[in-house]
Each structure stands twice: as structure tokens, then as C-alpha cells.
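Trainee: Could you take me slowly through one part of this protein, the beginning of the fold, and then set that part against the whole chain?

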Amino acid sequence: MKNVDMQHNVSLYSVVTFKEHGFTGNEVKGIVTSINGDEIIVEDFNDQVWTMNVNNAIVSSIFSGDKVK
């Protein structure tokens, strides 16, 4: 995972918050399902899948099996 901005500490199964259109739009929360270099794939809680640069997402909580089903 080189080139990942570690300030965000985004990892697999992190719950992240991001804006729908990069830095604008509604805030969306989802779970990181894939990391490929700087690109991450996030599935939100409405089963929608988003692909984005890791720097557009901010970790909002740590994955926890009893909170995220």
C-alpha cells in the first residue's frame, strides 16, 4: 500500500466518511472493501459502491462486528 496518505489511516473494513462528489455534495458513510494503491472501493450502507482516491475519504470509526452488520 505505497503512496497511501497515512494521515487518514484508511484500511480494509474501516468505516469512512466522504462527500458524494469529491469534496462537495452529501456526506456518505461506508465500509472500505478494497484498496489498490491510492484507489479505494467503498460500499455504503445502501449497498451502493463508490470508487475514489484514498485522500477523499476520512476514517470515521473503526470496523466493529457488533456495530456494522
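Mentor: Ser14 counts as buried because its relative accessible area is 4%, under the 20% that sets the limit for that class. This is a predicted model, and the values that follow are computed from its atoms. Ser14 sits in the segment that comes before β1, the strand covering residues 15–21. A polar atom of the Ser14 side chain lies 2.9 Å from the backbone oxygen of Ser11, a separation within the 3.5 Å allowed for a polar contact.

From that segment the chain passes into β1 (15–21), and β1 pairs with β2 in the antiparallel sense, with six bridges between them. The two strands form a hairpin with two residues between them, and there Gly22 adopts a positive phi near 75°. Across this pairing, Lys19 is placed opposite Glu27 of β2.

Further along β2, which spans residues 24–36, comes Lys29. Lys29 is classed as partly exposed because its relative accessible area of 44% falls between the 20% limit for buried and the 50% limit for exposed residues. Leaving aside residues up to four places away in sequence, Lys29 touches Val16, Thr17, Asp44, Phe45 and Ser60. One of these partners, Asp44, is 15 residues from Lys29 in sequence, and their C-alpha atoms are 5.8 Å apart in space.

Now for the whole chain. The protein contains five strands and zero helices, giving the pattern β-β-β-β-β when read along the sequence. Of the 69 residues in the protein, 29% are buried. The accessible surface comes to about 4,600 Å², and carbon and sulfur atoms account for 49% of that surface. If you take the contacts between residues at least 6 apart in sequence, 43% of them join residues at least 24 apart.

Finally, a word on confidence, which should accompany any reading of these details. The pLDDT averages 80 over the protein, and 75% of the residues score at least 70. Residues 1–7 stay under 50 in pLDDT, and for this stretch the model has nine contacts beyond four places in sequence. Residues 64–69 likewise stay under 50, and for them the model has four contacts beyond four places in sequence.

Conventions
Residues are numbered from 1 along each chain as its sequence is written. Side-chain values use heavy atoms; hydrogens and water are left out. pLDDT is the predictor's confidence in each residue, from 0 to 100. Contact means heavy atoms within 4.5 Å. Helices (H or I, at least four residues) and strands (E, at least two) are DSSP runs, numbered from the N terminus. Buried means under 20% relative accessible area, exposed over 50%, partly exposed in between (1.4 Å probe, protein chains only). A polar contact is a pair of N or O atoms within 3.5 Å; within protein, one must be able to donate a hydrogen and the other to accept it, and residues adjacent in sequence count only if both atoms are side-chain atoms. Accessible areas come from the Shrake-Rupley method with a 1.4 Å probe; for residues, only the protein chains shown count as cover. Two strands pair if DSSP finds at least two bridges between them.
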